[in-house]
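Below is a short briefing on one protein structure. Please look over the sequence and the fold before reading on.

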Amino acid sequence: MGEPRDTPAGRPSGTGAPGQGTTHVLGVDSGGSGLRIAVARAADPVARPSATYTSRTPVRTGPGGIDAQHLLSQLLPAAEQLLRQSGAEGVAAVCVGAAGMGTLGDDLRACLPAALAAAFGIRHLALAADAVTAYAGALGQRPGAVVAAGTGMIAMGTDLSTDGGWRRADGWGHLLGDCGGGAWIGRAGLEAAMRAYDGRSGGSGALLARAEAVFGPAGGLPGALYPRPDRPAVLASFAPEVARCAAGDAGGDGTAGATPDPVAAGILRDAARHIADAAASVCPPGSGTTVAFTGGLFRIGEPLLAPLRAALAERLPGAQRTEPAGSPLDGALTIAAALADDRLQLPTDSKLLQITRPLP
């Protein structure tokens, strides 16, 4: 399954032509970096997107959880345009994957079924945690385990048995968990920077230099960070700096040669152990189980991947690591297409993967 094309904010992009008369499915991926929407032919066995849309405006979260009306205000007009571009006569199924669906998705579960039925006449709707769509994008409908790591970190596993359900580890947010994720690494790196600034033990001069290059004088960092509503993303933005320092590129210019910073390297070893622990806790028992890692965190490269390979060899010696087949948006399309064709094998769950069918 190919990676969906990223498009400029608010601009849909499609290859279909009106009048093709095909029934389509709709996939939605809502996360901290924005909203992505795609349509695909329902009959396509791998649900390749025929048109995609990207908004850089994240769906709001308030006292009632994820704001369904804010999501719909972006989703409905964009989906209508994508469906026109793809020549769709109707929508067979929709899958909405959202970060926080499990704990913050009550408003979505209350509002989306009727709203999407009214807008598109759909009869099959899946409301999924983004970790589930990440799983489906990476492994499809195979048993195994998937670790999704970007700003946060969550692991999901299943053996697809009727009584096994989903195994979940972490994904509890940057205050309670997400151990080894981007915000966790960035916060640990900034803590080491502030230790160096104070002259305390355990500090890193290399990380202090990078923190001041990115955020300004270290003494002003609390005032620059604490009022931000997007603190997890700001913390995660420092994770690549930790990786650069661990690799000996403390200047951040891509030119290695400096001595690798042991504090930064230690942070990434700890992160790798946390990620491996999460994978091991959700992996179905038995040798040869498939494990995939997906998400932007793993793009920081060998400073994290090398200790992760070592940690996995210790924690999951019999597992078979595989590259993810696609993204969470691909996963949303995969689930929607499986619903449309009555071949969904992934475990349903009232919080993680709720199926509503038929809709009136």
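The points that follow cover a sheet, a helix, a loop glycine and some salt bridges.

The model is predicted. Its open sheet has 5 strands, and helix 9 is mostly covered. The count of salt bridges comes to 13.

**Sheet**
- The strand order in the open sheet is 11-10-9-12-13, and the pairing is mixed.
- Strand 11 (167–170) and strand 13 (320–322) are the edge strands, each pairing on one side only.
- On average, neighbouring strands of this sheet are turned by 20 degrees against each other, direction ignored.
- Strand 9 (residues 144–149) and strand 12 (residues 290–294) run parallel and are joined by 4 bridges; Val147 stands opposite Phe293 in strand 12.
- Helix 4 (residues 130–139) packs on the sheet and touches strand 9, strand 10 (153–158), strand 12 and strand 13. The direction of helix 4 makes about 120 degrees with that of strand 9.

**Helix 9**
- Of the 8 residues in helix 9 (residues 239–246), 6 are buried: Ala239, Glu241, Val242, Ala243, Cys245 and Ala246.
- These buried residues pack against helix 5 (182–198), helix 6 (205–215), helix 8 (231–236), helix 10 (262–282) and helix 11 (302–315).
- Within helix 9, the side chains of Arg244 and Glu241 meet in a salt bridge of 2.8 Å, N to O. The two residues are 3 residues apart, about one turn of the helix.
- Glu241 counts as buried because its relative accessibility is 9%, under the 20% cut-off, whereas Arg244 is partly exposed at 30%.
- Gly248, just after helix 9, takes a positive phi of about 85 degrees.

**Gly202**
- Gly202 lies in the loop between helix 5 and helix 6.
- Ala192 is 10 residues from Gly202 in sequence, and their C-alpha atoms are 6.5 Å apart.
- Neighbours within four places in sequence left aside, Gly202 is in contact with Ala192, Arg195 and Val263.

**Other salt bridges**
- Asp270 forms a salt bridge with Arg273, with the closest N and O atoms 2.2 Å apart. They are 3 residues apart in helix 10, so about one helical turn separates them.
- Both partners are partly exposed: Asp270 has a relative accessible area of 31%, and Arg273 has 44% relative accessibility.
- Salt bridges that share partners join Asp106, Arg109 and Lys351 into one network.
- In the salt bridge between Arg109 and Asp106, the N to O distance is 2.9 Å. These two residues are 3 residues apart in helix 3 (residues 106–120).
- Arg109 counts as buried at 14% relative accessibility, while Asp106 is partly exposed at 47%.

How values were computed
Residues are numbered from 1 along each chain as its sequence is written. This is a predicted model: local features need pLDDT of at least 70, side-chain atom pairs count only at pLDDT 80 or more; totals for chains, interfaces and linings use all residues. Side-chain values use heavy atoms; hydrogens and water are left out. Buried means under 20% relative accessible area, exposed over 50%, partly exposed in between (1.4 Å probe, protein chains only). Contact means heavy atoms within 4.5 Å. Two strands pair if DSSP finds at least two bridges between them. Axes are lines fitted to C-alpha atoms, for helices over the stretch in contact, and angles run from 0 to 180 degrees between N-to-C directions. A salt bridge is a side-chain nitrogen of Lys or Arg within 4 Å of a carboxyl oxygen of Asp or Glu.
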